[in-house]
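Let's take a walk through this model together, one feature at a time. Please have the sequence and the 3D view open as you read.

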Amino acid sequence: MFTTNYDGAVEACYESQVEPLQLPVPIASNSEARSWDPRFEVPIIHLHGSLASDAGKETILLTENDYATFRAKREMLFDYFRLMFSTNPVLYVGYSHRDANWKMIVQELVNQYLPSAPPPAYRIAPSTPAAEIELLATRGIETVPGGLSEFRGAVETSIGALRVEPHNLSAIERSVPSDLVHAFRENPAAVARLLNSWTYVNQADFASAPNTDRFFKGDQPNWSLIGQGINFQRDLEQQLVDNLLDWATDPDAKDQIDIVLGPAGYGTTTLLMAVAAWFVRNKIGSTLFLRPGVKPLPSDIEYAATRLAEPVILFIDNAADCPDEVRVAIDVLRAAKVRHRVVMGERLNEWRQRHSPIVANEYSLEPLSDDEIDRLLAALGASNALGRLADLSPELRVAAVREKHQKELLVAMRELTEGRAFDAIIEDEFRGVVDPAAQRLYAFVCAFSRTRSLARDQLCADALDINVIDMYETLRDSLEGLAVWETVDEARGIEALRARHQVIADIVWDRCLSPTEREDLLLRALAAVNLAFGIDAKAFEAWTRDEDGIDTLSGLEAKTRFFEDACRKDPHNPYVRQHYARMLRREQRYELALAEIDSAIELSPRNRILSHTRGVILRNLATNEHTSIEVARRRLAQAESSFKAAIAQNARDEYSYQSLAELYIEWAARITQESEIVAYLAKAQEVVHEGLQSARNREGLYLVSAKIQRALGDTPMRLKALRQALETAPTSAIVRYLLGKLLLNEESVAEAVEVLHEGVRLHPDDPNLCMTYALALHAAGRPYSESVAALNLARTRGVRDPAYAATLGGFLVMDEALDEAKAVFADADRRGFGVGEASRIAFVPKPMGSQLVLGGRVAKVGPGFAFVNSPGMPDFYFRMSRANGMRLVKGQKCSFIPGFSSRGPSAVQVEIIENAN
């Protein structure tokens, strides 16, 4: 029998002996799925289910209902087999050739290729009647008697250890970097597979023509453009390079993981490529850059770790597409005990939503700084790409870019250089494609690219009913520079198409197509997609979770048809049904949504994500004004149970805490009795408090906490209800915190100090109480030392919260305890708070309610930042290099408002008083 694990590794088990199968041909076994041996690149085709399940995803198909359910899946399998059948011999294992359906498929394939004969096929069987052997031989299938162990021994006796020798081996070798040619000749399959997934940057094509024009119009750069420095340098690049240089030159430095986070269109890919090229220029180790549309395979990482020079540096863009695979890759590198560094890139929201357990050094890609604007303009000028800016003075060019620098970098560049709105530019490009077939193909490719997926060339041809050769002629004649093709697998000749940029594809999809056209293209793509191909499966997953794209379809009927087709395509995928339920929820069909999410949970009962979605739907039912209060209370309890189940499955998932707290807040908004309102707001605060102690990321919890404060301030009755709650539960930490916070917001400082003082006395280790009490003491004009003392009571638990660390460090600085403050900020830095959390200004001193302003001088000016200093104080970081519309200069006299984040002192606002001497 055959078993497959998650990575597709195959073991042949015969007579209780387990041996690795080493064969260069597709293998057909009696089950229905497809997997790959990552060591030898052997396609394994299962015809009737799989004995070994992948987390319950595969089963043996026995009943007529099973066959009906898996009909679409078998059709995709046979389409894949048809592609492989014409050029590859087949080895049948564990199969009798008596299945009527399979006989029909094979006969259809033979007829399709007449008069040519397919490659020979072989079957391994311990015993077969002589008549059947002869009959199979007439059909081109030779029977090999015995089991797998005997077969392998006979092969090795005859021809030695078997190697993979593709028919186009010489053509592949010509594209192999010279560093890897020797390794390729020893093990061509492993090297070819590695280069299918990764660019070996050490010998990337830096000598070809740079794609300058396409780059400035939105395409990703090629390696030649990066090598020639045509791209402009981002401020973050130098910071990354400095950190990497420190690591590379210190043999005792620990291996690390980095991730660059920023919005789409901010140049993340270009930044990663520039840093990767830096490693090559400095001849440090072996650098690999993951190709678009693929996921890292453990076998590739293991091969790189054992065969490439150390350190091994991996660059992975769009890391949220494969967080589990990245984690496995890191584990493989660690197990191999080689020096390594992993540098990733991703959009901030995408990375947060994936809840990856990977702990990485986070770098935030910010909007353009003043120095970056200067470098951008210089790069555009050097390439004669200034466009409309060329006629302006240098000062006006800078002013024009600064006006737009909060936009996506890609958008700003096109708008500035062409003098029109970015959407209009892209729409004109689309309308300028005069061939209707080419325009339709471009729109179809954009349907994929907007979700960062690749469109397989044969899929495009099948969906649009065109010939592949005609399609490539269309690309050459009408879509040059608009649609770009990528080689996904050179050995198998799989090519795919993409648009230049996701933002461009999104504009084409949204502005240039009618709802009817979008629906037609999406349904055509769904019908043609073949989940036996990895890039198709990735696109399928992206579409089903692309809420924006699905919502552009016209009406509930079209959206329902899309998901019904998707469910038929992958019937046992709980996430398809989850997103079906989410769509129904957005359409306010809550009961239908509940039925779909319950179906998903039946497929995967202990799934935290599904429990969370069920809780959100039930929350809508509980807080819907059309639901009676009696029914709503039952839905409230059910939603509460779903969220708590999700928390129990992963206590570090901030979304479950956030959603449970929002459930209580929304319920408090629906009911009218003040005491019950306050009780549920207190429950919400308790959930937030628990989440802040346990969750990995806390951004959403801070927002929920702000909602609670707003809800408390909705009416003066809240204050009365909280006072009554305090009389009922005078020892409650949550009630005292909420009441003290509300009193402080209402500037009833004296009463706030009294309420909070008692709370701290009863609960001296409660961080919320201690921090609010410290702020109340400060507002009352007490010495900084008293606030520090209050904060130190709950310091052990409190410093897990970046806001607490920022407040404690800030009070210590203001109290001139600079060494202790430095230790607090250093401890916060070691805790690895997220970029947003760590950078948030959590404390701005306001003694007796007045604004504190310090005087000082500019201590340092860097690319897009500055430091200012006041006597007796540490340097304060300022996130700009200009003030009063002028560039800051070292030594200038200035005033500034001090603030504090967990990273340290920050200048909230800087004003130039006089220039430096």
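How many disulfides does the count come to? With the rule that two cysteine sulfur atoms must lie within 2.5 Å, the count is 0 disulfides. Please keep in mind that this is a predicted model. Two of the cysteines can still be placed by their accessibility: C322 counts as buried because its relative accessibility is 2%, and C770 is buried with a relative accessible area of 0%.

**The open sheet**

A good place to look next is a sheet of 6 strands, which is open and has mixed pairing. Its order is β10-β12-β13-β14-β11-β15. The edges are formed by β10 (198-200) and β15 (361-364), each of which pairs on one side only. On average, and ignoring direction, neighbouring strands here are turned by 20° against each other. Helix α8 (residues 188-197) packs on this sheet, where it touches β10 and β12 (286-290). The direction of α8 makes about 100° with that of β10.

Three of the pairings can be set side by side, each with one residue and its partner.

| Strand pair | Sense | Bridges | Facing residues |
|---|---|---|---|
| β13 and β14 | parallel | 5 bridges | I313 and R341 |
| β11 and β14 | parallel | 6 bridges | D258 and V343 |
| β11 and β15 | parallel | 4 bridges | I259 and E362 |

Is strand β14 enclosed or open to the outside? Strand β14 (residues 340-346) is largely enclosed by the rest of the structure, because 7 of its 7 residues are buried. The side chains divide between two directions: H340, V342, M344 and E346 point one way, while R341, V343 and G345 point the other way. All of these residues are buried, whichever way they point. R341, the residue that I313 of the neighbouring strand stands opposite, is thus among the buried ones.

**A threonine in a strand**

Now turn to T143, which sits in strand β9 (residues 141-145). T143 is buried, because its relative accessible area is 12% and the limit for buried is under 20%. Which side chain does the side chain of T143 meet in a polar contact? The partner is the side chain of R123, at 3.4 Å. Beyond its neighbours within four places in sequence, T143 is in contact with R123, T128, I133 and L136.

**Aromatic rings**

Across the whole structure, a search finds 21 aromatic pairs. One of them joins F843 and F900: the ring centres are 6.0 Å apart and the planes stand at 25°, so the pair is stacked. F843 lies in the loop between α43 (835-839) and β19 (854-862), and F900 lies in strand β24 (residues 893-901), so the pair ties together parts that are 57 residues apart in sequence. Both F843 and F900 are buried.

The rings of F865 and F867 also have their centres 6.0 Å apart, but their planes are at 80°, so this pair is edge-to-face. F867 is partly exposed, with a relative accessible area of 25%.

Which residues form one aromatic cluster? The members are F206, W223, W278, F279, F289 and F315.

How values were computed:
Residues are numbered from 1 along each chain as its sequence is written. This is a predicted model: local features need pLDDT of at least 70, side-chain atom pairs count only at pLDDT 80 or more; totals for chains, interfaces and linings use all residues. Side-chain values use heavy atoms; hydrogens and water are left out. Buried means under 20% relative accessible area, exposed over 50%, partly exposed in between (1.4 Å probe, protein chains only). A polar contact is a pair of N or O atoms within 3.5 Å; within protein, one must be able to donate a hydrogen and the other to accept it, and residues adjacent in sequence count only if both atoms are side-chain atoms. Contact means heavy atoms within 4.5 Å. Two strands pair if DSSP finds at least two bridges between them. Axes are lines fitted to C-alpha atoms, for helices over the stretch in contact, and angles run from 0 to 180 degrees between N-to-C directions. Rings of Phe, Tyr and Trp (its six-membered ring) pair if their centres lie within 6.5 Å; planes under 30 degrees apart count as stacked, over 60 as edge-to-face and the rest as tilted.
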